[in-house]
Amino acid sequence: MRIGELMTKNLETIEADAPLRLAAERMRSFGIGALPVMDGAQLVGMLTDRDITVRATAAGKDPNHTPVREAMTHTVITCDADAPLSEAEHLMEEKAVRRLVVLDTYKKPVGLISLDDLATVPGEAKHTGEVLRELNTPQ
């Protein structure tokens, strides 16, 4: 099975200069915990609900005036839609992340694949558990 067959295809993104409040509202509306961050057509980061909490709220930043770029994670781990699921598992384990931005052949973000997605595949649940265990093991 290929990553593109399993990924979440309705990709919601947020602009880097948008206020954190808009990002949080979008996460709430769509029931998601992460948004790829765009600067025009360029993928420049990833914003999670945890990023908002730890990097902005805990620091006392105003969500109405703080841009997403101030709280986002600048390093984004990506994978290709045509790659096998094993590549996503390997990247998640190696980079200690729970989700990857999926790119098309033009390197445009087209979806997300998460550890939860991998756990739904028959025969993958055991390996997904191993990846999760590795993510939760202190370095």
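**Salt bridges and nonpolar cores in a predicted model**

I'll begin with a single residue: E70 is partly exposed, at 45% relative accessibility. Its side chain meets that of K61 in a salt bridge, with 3.6 Å from N to O. K61 is partly exposed too, at 33% relative accessibility. Please keep in mind that this is a predicted model.

So much for one pair. How many salt bridges does the count come to? The count is 7 salt bridges. I'll go through two others.

The next one is between D17 and R69, where the closest N and O atoms are 2.9 Å apart. What does this pair tie together? D17 lies in the loop between β1 (14–15) and α2 (20–30), while R69 lies in the loop between α3 (49–57) and β4 (78–80), so the bridge ties together parts that are 52 residues apart in sequence. As for accessibility, D17 is exposed, with a relative accessible area of 55%, and R69 is partly exposed, at 31%. These two residues also belong to a network of salt bridges, which links D17, D39 and R69.

Then there is K95 with E94, a salt bridge whose closest N and O atoms are 3.5 Å apart. K95 has a relative accessible area of 40% and is partly exposed. E94 is partly exposed as well, at 48%.

Now to the nonpolar side. In soluble globular proteins, nonpolar side chains tend to be buried together. Here, the largest nonpolar core has 17 residues. Which residues have the most contacts inside this core? They are I3, C79, L85, L100, V102, I113 and L118. Four elements each supply at least two residues of the core: α1 (3–6), α4 (85–95), β5 (99–103) and α5 (115–119). The largest share comes from α4, with 4 residues.

If you want one residue to look up in this core, take V102. Leaving aside residues up to four places away in sequence, V102 touches I3, M7, C79, D80 and A81, and also K108, P109, V110, G111, L112 and I113. Among these contacts, I3, C79 and I113 are on the list of residues with the most contacts inside the core, as is V102.

There is also a second core, separate from that one, with 14 residues. Its members include I14, L35, I52 and A56.

To recap: the count gives 7 salt bridges, one of them between D17 and R69, and the largest nonpolar core has 17 residues, with a separate core of 14 beside it in the list. That is my part.

Definitions and conventions:
Residues are numbered from 1 along each chain as its sequence is written. This is a predicted model: local features need pLDDT of at least 70, side-chain atom pairs count only at pLDDT 80 or more; totals for chains, interfaces and linings use all residues. Side-chain values use heavy atoms; hydrogens and water are left out. A salt bridge is a side-chain nitrogen of Lys or Arg within 4 Å of a carboxyl oxygen of Asp or Glu. Buried means under 20% relative accessible area, exposed over 50%, partly exposed in between (1.4 Å probe, protein chains only). A nonpolar core is a set of buried Ala, Val, Leu, Ile, Met, Phe, Trp, Tyr and Cys residues joined through side-chain atoms within 4.5 Å. Contact means heavy atoms within 4.5 Å.
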